[in-house]
Amino acid sequence: IELHSSSAFSFLQGASLPEALVERAAALGYPAIALLDADGVYGAPRFHKAAKQAGLKAIIGAELTIDGWRLPVLVSSAEGYQNLCRLVTRMKMRAPKGEGALALDELDGFTSGLIALAGRPILEARRHGVGGMLDRLVGLFGRDRLYVELQRHLLRDEECDNEALTELARAYRVPIVATNGVRFATAGERPLFDVLSCIYHRTTLDAAGRLVARNAERYLKSPELMAELFADRPDALAGTIA
């Protein structure tokens with residue numbers, strides 16, 4: 001199950017409408033798909049409606065900006081949706097449109113009904129020390145509502161980080177889940193995503209460099225392709241079903 005996809009409601013950080021993601025997921029035979037847009041649930045109503053019509057289970061969530069990095073969270077209950085909305089509202093009420101961030105401590109007391117996916121950004125939170133960020137997330141969410149997230153976009157540095165994440169997951173006894181960090185429904189939408197990325201960063205395609213996607217791998221892949229990509233990590237694939 002793809003548990004980490006973003007739509008055009010992520011404001012220049014996703015290239016496909018919620019309906020397009022659902023249509024693609026249905027064509028690929030997915031029974032469910034999750035939508036995690038940036039700092040909001042703006043696309044959730046259209047996503048939920050399209051999924052219901054297509055016979056898919058819609059899983060709602062968001063990527064929450066935490067002190068300059070993003071923490072993906074999934075909603076697992078009505079209380080979780082309430083907590084997610086409270087956190088987003090707190091962030092938005094005190095910042096200009098399109099800006100804002102939460103301090104990690106602000107999640108305390110608002111994580112019930114939410115499942116966190118701790119990916120590569122936790123490796124960059126150096127000020128917390130090696131493993132310190134994962135340790136704090138375990139304290140906030142508990143081991144039953146926290147997964148270490150692995151992604152594979154055929155990038156060498158990404159695989160090195162996956163090894164570090166796997167070691168952290170083992171050390172802190174946190175399960176692993178595989179996602180593709182989807183930003184567009186099909187690989188053919190990568191050029192559109194690059195244009196949106198340039199608008200987001202206020203630059204041009206010629207000058208963007210690594211501000212745009214390094215390849216077109218962040219599309220909604222089939223369950224079979226994801227199973228092939230993570231053939232050596234059956235635990236990460238099983239985590240999505242769980």
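Good morning. I begin with a pair of helices: helix α5, residues 132-141, packs with helix α6, residues 156-172, at an angle of about 45°, and their axes are 10 Å apart. The two helices are therefore oblique to each other. As for handedness, α5 passes α6 in a right-handed crossing. On the α5 side, the contact is made by G132, L134 and D135, and on the α6 side by L168, A169 and Y172. Sorted by character, the residues of this contact comprise 4 nonpolar, 1 polar and 1 charged. I should state at this point that the model before you is predicted.

Let me now turn to the chain as a whole. The protein chain contains 10 helices and 7 strands. How does its radius of gyration relate to that of a compact globule? For 242 residues, a compact globule would have a value near 18 Å, and the protein chain, with 17 Å, agrees with this. Along the principal axes, the C-alpha atoms fill a box of roughly 45 × 40 × 40 Å. Of the 242 residues, 52% count as buried. Consider also the contacts in the chain with a separation of 6 or more: residues 24 or more positions apart account for 74% of them.

I continue with some individual residues, beginning in the loop between β1 and α1. F9 lies in this loop, with β1 covering residues 2-5. Leaving aside the neighbours within four places in sequence, which residues is F9 in contact with? They are P18, D37, Y42, G43 and R46. By contrast, A118 is 109 residues from F9 along the chain, and the C-alpha atoms of the two are separated by 22 Å.

F11 also lies in the loop between β1 and α1. Its backbone deserves a remark: F11 has a positive phi of about 55°, although it is not a glycine. F11 has a relative accessible area of 48% and is therefore partly exposed, since only values over 50% count as exposed.

A second residue with a positive phi is found in another loop. D67 lies between β3, residues 57-66, and β4, residues 69-75. The phi of D67 is near 50°, a positive value in a residue other than glycine. With a relative accessibility of 42%, D67 counts as partly exposed.

Next, I consider two residues that sit in helices. A26 is placed in helix α1, which covers residues 18-27. Is A26 buried, partly exposed or exposed? Its relative accessible area is 33%, so A26 is partly exposed. Beyond its neighbours within four places in sequence, A26 is in contact with A54 and L56. L56 is 30 residues from A26 along the chain, and the C-alpha atoms of these two residues are separated by 7.1 Å.

The other residue is C85, found in helix α3, residues 78-93. C85 has a relative accessibility of 24% and therefore counts as partly exposed, because buried means under 20%. How far apart are C85 and G61 in space, C-alpha to C-alpha? The distance is 9.9 Å, for a pair 24 residues apart in sequence.

To close, I return to the opening pair: α5 and α6 pack at an angle of about 45°, in a right-handed crossing. Thank you for your attention.

Definitions and conventions: Residues are numbered from 1 along each chain as its sequence is written. This is a predicted model: local features need pLDDT of at least 70, side-chain atom pairs count only at pLDDT 80 or more; totals for chains, interfaces and linings use all residues. Side-chain values use heavy atoms; hydrogens and water are left out. Axes are lines fitted to C-alpha atoms, for helices over the stretch in contact, and angles run from 0 to 180 degrees between N-to-C directions. Helices (H or I, at least four residues) and strands (E, at least two) are DSSP runs, numbered from the N terminus. Angles under 35 degrees count as roughly parallel, over 145 as roughly antiparallel, 65 to 115 as roughly perpendicular and the rest as oblique. A crossing is left-handed if the near helix is turned anticlockwise from the far one by less than a right angle, and right-handed if clockwise. Contact means heavy atoms within 4.5 Å. Ala, Val, Leu, Ile, Met, Phe, Trp, Tyr, Cys and Pro count as nonpolar, Asp, Glu, Lys and Arg as charged, and the others, Gly among them, as polar. The radius of gyration is taken over C-alpha atoms; the globule rule is 2.2 Å times the number of residues to the power 0.38. Buried means under 20% relative accessible area, exposed over 50%, partly exposed in between (1.4 Å probe, protein chains only).
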